Every structure is written in C-alpha cells, then in structure tokens.
Amino acid sequence: MNNAATARAAAAFCLQQVLQHERSLNQVMPEAQQKFSLSAGDKAFTQAIVFGVLRDLPALEWLVQQALDKPLRSKLRVIHYLILVGLQQLRSMRTASHAAIAETVNACALLRQKALKGLVNAVLRNYQRQQESLEAQLASLPDKILGHPGWLLRRLKETYPEYWPAIVAANNTQAPMWLRVNIRHHSVAEYAHLLQQQGLESTTQPGLEQAICLQHPVDVHSLPGFSEGWVSVQDGAAQYAAQLLNAQPGERILDACAAPGGKTAHILERCDCQVSALDIDATRLTRVEENLQRLQLHANCQQGDAANPDTWWDGQQFDRILLDAPCSATGVIRRHPDIKWLRRDSDIDQLTELQAQILACQWQLLKPGGTLLYATCSVLPQENHQQVAAFLASHPDAYYDPLYADDESGWQLRPGQNNLDGFFYARLQKQE
Ligand SMILES: C[S@@+](CC[C@H](N)C(=O)[O-])C[C@H]1O[C@@H](n2cnc3c(N)ncnc32)[C@H](O)[C@@H]1O
C-alpha cells in the first residue's frame with residue numbers, strides 16, 4: 001500500500017465519519033488506524049490534516065463550492081472530504097504542493113473511487129492556479145474565515161464582547177502539551193530536570209502545583225518514566241480541579257463523573273484518601289482503571305448514574321465531591337475541533353438541565369460541612385455562572401466559597417488564557 005496516499009485516504013474517511021455521520025473523532029481515529037493500518041507517523045500526519053480541516057472547515061467548504069457546479073452524490077461523498085484534505089495541505093501544510101496533489105489523487109484508489117482521480121486533480125490544480133484571487137475573496141468573508149458555526153460565534157460574541165476574537169483564535173490553534181508530575185515520585189523541579197536531560201524544554205506556571213508545559217509536544221512514550229507512572233498528560237486548567245477540591249488524608253471523596261480518570265488520579269497523587277470514581281459509561285470507566293493501574297493508585301470504580309444514586313450509593317455521605325459535569329466542551333475546542341461541528345445550539349439547554357439534575361442529586365450525598373466542586377470545560381454561562389447562581393438560589397443550605405476576590409458564582413478560564421484550556425470552577429459548601 002502507498003503510505004503517503006494512505007494518510008490522505010484515512011483523513012478523508014475520518015472527516016466523512018465526523019461530518020456526515022456525526023461521530024466523535026475520539027471514536028473514529030482508532031478505527032481509521034486499524035482500517036488503513038496506519039504507522040505511527042501516518043497516524044500523526046492523518047490527525048494533523050483532520051484537525052486542520054476541522055479548524056478551517058467553512059473556508060475549505062467555500063473553496064469546494066467555487067470549484068464544483070453541484071455537490072458530489074452521497075455514494076461519492078468521500079471524495080468531497082478528500083478534496084478538503086487536498087486543499088488543506090495546499091493552503092496550510094508544509095507538504096510540497098506537487099506531492100500533496102499527487103498523493104491526494106492517489107488516495108482515490110484506496111477509497112475505491114479511481115474514476116474520480118481526474119476530478120480531484122482538476123479541483124486541486126485549479127485552486128493552485130487561482131490561489132491568490134480565491135484567498136483574497138475569502139479574506140473578505142468573516143463568517144468563512146473564523147472557522148466556527150454561527151450559533152457558537154453568536155454565543156461567544158454575546159458573552160465575551162471583548163475577548164471573543166482571542167477565544168476564536170485560541171480554538172483554531174494547536175494546544176500545547178501539558179504534563180502533570182506525579183509528586184509521589186518526583187518534585188516538579190526534578191522532573192523538569194529529567195526532561196531537560198532528554199533535550200525536552202519546558203516551563204512551569206505559578207499557581208499550578210504539579211504542571212509542566214512542554215515547548216514541543218512529544219509521544220508519551222518518550223517521556224521519562226511514563227510507563228512507571230511518573231507523569232501524566234493533562235491540561236493545566238484541568239489540574240486546578242484537584243487543587244481546589246483540596247482533599248485531606250482519610251476523607252471520603254466522590255469523583256462523580258470520573259472517566260477517563262485524570263482528575264481521580266490527581267486527587268490520589270496529592271493525598272491518601274478514599275476515592276469513589278463513578279461514571280455512567282462502563283467502557284470509559286475501564287480507562288479510569290487503566291490510568292490508575294499505570295500510576296499504581298487505587299479508587300473504588302463504579303458504573304452508575306450520578307443523577308440516580310439508588311443503584312450504586314452505599315448511603316454514607318462524602319466529605320468532598322468533585323462534579324466534573326458532562327458539558328458542551330466548548331472550552332476544549334483547540335484539542336477537539338470536531339466539537340464545533342458535532343454540537344448543536346439546542347444541546348446547550350439539554351445539557352444545562354442534565355447538569356442541574358446531577359448537581360441537585362449530588363448535593364444530597366454531601367456531608368454537612370462538606371465541599372462540592374462544580375467543574376465544566378465549557379465557556380458558556382448557562383452551564384457555568386448561571387447554573388451555580390440558580391443552584392444557590394434554590395438551596396438555602398448551600399453557600400458559595402469564593403476562589404478569588406469578588407468571586408460570587410465561579411471562576412471562568414478562557415481558552416488560550418495563560419496557554420490553558422477553557423474551564424470553569426465553582427466551590428460550594430454545605431452548612432453544618
Ligand atoms: C467531562 S467528562 C469527565 C472527565 C474526567 N473527570 C477526567 O478528568 O478525566 C464527563 C464524564 O461524565 C460522564 N457522565 C455523563 N453523564 C453522567 C451521569 N449521569 N452520571 C455519571 N457520569 C456521567 C461521561 O461518561 C464522561 O465520562
């Protein structure tokens with residue numbers, strides 16, 4: 001099999017699965033790896049193309065529209081996605097254009113559409129010839145070049161009149177690789193030194209106790225002691241969760257939406273407490289177990305619905321609860337650009353309702369005097385500040401524990417701010 005063409009064919013397959021069949025890239029990438037027998041290098045290249053297309057989708061779609069009189073019929077649709085793959089390489093990747101065109105054309109055969117080679121070749125060469133004038137036209141079409149669906153752009157503009165351009169830019173940029181040092185093995189300074197010995201430059205950030213940001217992303221297996229559990233990959237913003245929860249030795253802790261277990265493990269790295277890790281999704285829960293095994297940590301992993309404790313709760317209240325709620329994930333688009341095209345405006349109301357239900361239910365499981373940390377990786381106020389304000393208004397036994405001066409209903413981190421993902425935290429205390 002021709003390797004260079006394989007990555008292009010795999011990218012077209014992934015894009016069709018995400019954009020036409022509305023499947024998450026997390027599910028689709030492993031399938032593509034198997035289906036096309038991708039090497040590690042091909043996988044990285046495929047992912048780079050797919051991420052690029054998802055970031056710039058409206059502009060790329062506009063370019064296809066200029067080239068084709070009518071859309072490709074549904075049976076040939078995979079070739080539409082292959083054209084996006086070709087255009088993405090010509091516009092934004094370092095691949096030499098003759099190789100980009102030749103290998104994209106060759107990918108038609110791998111996708112069983114040999115007859116469309118001529119069409120793909122013609123569209124890509126046509127773009128190449130008219131690149132300057134097409135790009136000039138695109139530059140005057142803001143809704144095409146911002147790379148976001150209209151509903152999300154509207155919500156961002158409403159909520160962040162000052163910051164929305166920075167948020168959009170951060171969402172369209174590759175995220176840095178953040179690590180969490182397992183302080184049961186090394187201090188952050190010791191681990192940074194180990195990285196330096198491997199030629200890996202990194203920085204730390206005040207306020208983040210275990211975090212290191214790598215200057216350049218690397219494969220996890222080239223990190224010192226990864227298999228031995230010395231370090232994990234986790235964005236710095238997500239590392240505030242365990243810090244703000246601040247579990248104490250011996251306490252009973254519930255991580256109510258735990259999978260894949262990044263925060264469960266962080267809580268356990270910080271102190272010897274009894275953690276129950278709950279998730280509704282049994283498959284995702286196995287990831288928690290695998291992560292804990294690598295880190296040589298232990299939690300009581302339970303499959304169950306956080307909004308229906310009758311099926312899994314033993315009746316003993318918890319000292320602290322981390323509720324990392326299911327959310328729109330609009331704070332982590334730079335890591336998951338498929339989110340922009342999979343989410344719908346109408347999802348937000350449904351998610352807000354689900355979060356309110358889980359939050360009210362979890363509150364019953366908290367001891368008087370206990371702490372509940374509500375977290376999301378969303379940037380939308382309905383899921384964040386408004387959610388917490390509504391909860392406080394309807395729960396007289398809850399009071400708000402500020403995370404900074406003047407904080408009344410939560411701390412919103414914006415994507416890209418301090419090089420971090422977008423996250424939201426609010427700490428609620430239950431009256432004694
Ligand atoms: C934002 S992710 C959690 C990430 C995790 N805390 C970590 O740091 O690795 C949200 C999780 O909530 C789970 N979930 C969704 N609805 C749930 C429910 N009703 N009860 C329990 N878990 C739920 C999802 O399966 C998903 O794993």
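Helices here are DSSP runs of H or I with at least four residues, strands are runs of E with at least two, and both are numbered from the N terminus. With that in hand, Arg-112 can be placed in the loop between α6 (97-110) and α7 (117-139). Before going on, note that this is a predicted model, where local features need pLDDT of at least 70, side-chain atom pairs count only at pLDDT 80 or more, and totals for chains, interfaces and linings use all residues. Residue numbers start from 1 along each chain as its sequence is written.

Back to that loop. Most residues other than glycine have a negative phi, and most peptide bonds are trans. Arg-112 is not a glycine, yet its phi is positive, at about 60°. Arg-112 is also exposed, because just 10 other C-beta atoms lie within 10 Å (buried takes 20 or more other C-beta atoms within 10 Å of the residue's own, exposed 12 or fewer, partly exposed falls in between, and C-beta atoms are placed from the backbone). Asn-418, another residue other than glycine, has a positive phi near 55°. You'll find Asn-418 in the loop between β11 (411-413) and β12 (423-430), and with 13 C-beta neighbours inside 10 Å it counts as partly exposed.

Now for some helix packing. Two packed helices are described by the angle between their axes and the distance between the axes. Axes here are lines fitted to C-alpha atoms, for helices over the stretch in contact, and angles run from 0 to 180 degrees between N-to-C directions. Take helix α1 (residues 3-19) and helix α3 (residues 40-55): their axes come within 9 Å and cross at roughly 45°. That makes α1 and α3 oblique to each other, given that angles under 35 degrees count as roughly parallel, over 145 as roughly antiparallel, 65 to 115 as roughly perpendicular and the rest as oblique. The α1 and α3 crossing is right-handed, meaning that the near helix is turned clockwise from the far one by less than a right angle, with anticlockwise being left-handed. On the α1 side the contact uses Asn-3, Thr-6, Ala-7, Ala-10, Ala-11, Cys-14 and Leu-15, and on the α3 side Asp-42, Phe-45, Thr-46, Ile-49, Val-50 and Val-53; two residues are in contact if their C-beta atoms, placed from the backbone, lie within 7 Å. These residues divide into 9 nonpolar, 3 polar and 1 charged, where Ala, Val, Leu, Ile, Met, Phe, Trp, Tyr, Cys and Pro count as nonpolar, Asp, Glu, Lys and Arg as charged, and the others, Gly among them, as polar.

A second pair sits further along the chain. Helix α16 (residues 347-363) and α17 pack at an angle of about 40°, with their axes 11 Å apart, so α16 and α17 are oblique to each other too. Their crossing is right-handed. Thr-352, Gln-355, Ala-356 and Leu-359 in α16 meet Gln-387, Ala-390 and Phe-391 in α17, a set made up of 4 nonpolar, 3 polar and no charged residues.

Next, the annotated spots. The unreviewed UniProt entry puts an "active site" at Cys-377; UniProt positions are in the numbering used here, feature names are shortened, and annotations may be inferred rather than shown by experiment. Cys-377 lies in the loop between β9 (366-376) and α17 (385-394) and is buried, with 26 other C-beta atoms within 10 Å. Leaving aside neighbours within four places in sequence, Cys-377 is in contact with Cys-327, Ala-329, Gly-331, Val-332, Asp-421, Gly-422 and Phe-423.

The same kind of record, again an unreviewed entry, gives a "binding site" whose residues include Cys-257, Ala-259, Pro-260, Asp-279 and Asp-324. Cys-257 is in the loop between β5 (252-255) and α13 (262-270), and it is buried, with 22 other C-beta atoms within 10 Å. Beyond four places in sequence, Cys-257 touches Asp-279, Ala-306, Leu-323, Asp-324, Ala-325 and Pro-326. Ala-259 is in the loop between β5 and α13 and counts as buried, with 24 C-beta neighbours inside 10 Å. A cis peptide bond, with omega about 5°, joins Ala-259 and Pro-260.

Finally, look at Leu-322 in strand β8 (residues 318-324). Leu-322 is buried, with 29 other C-beta atoms within 10 Å, and among the residues it touches are Ala-241, Asp-255, Lys-263 and Leu-373.
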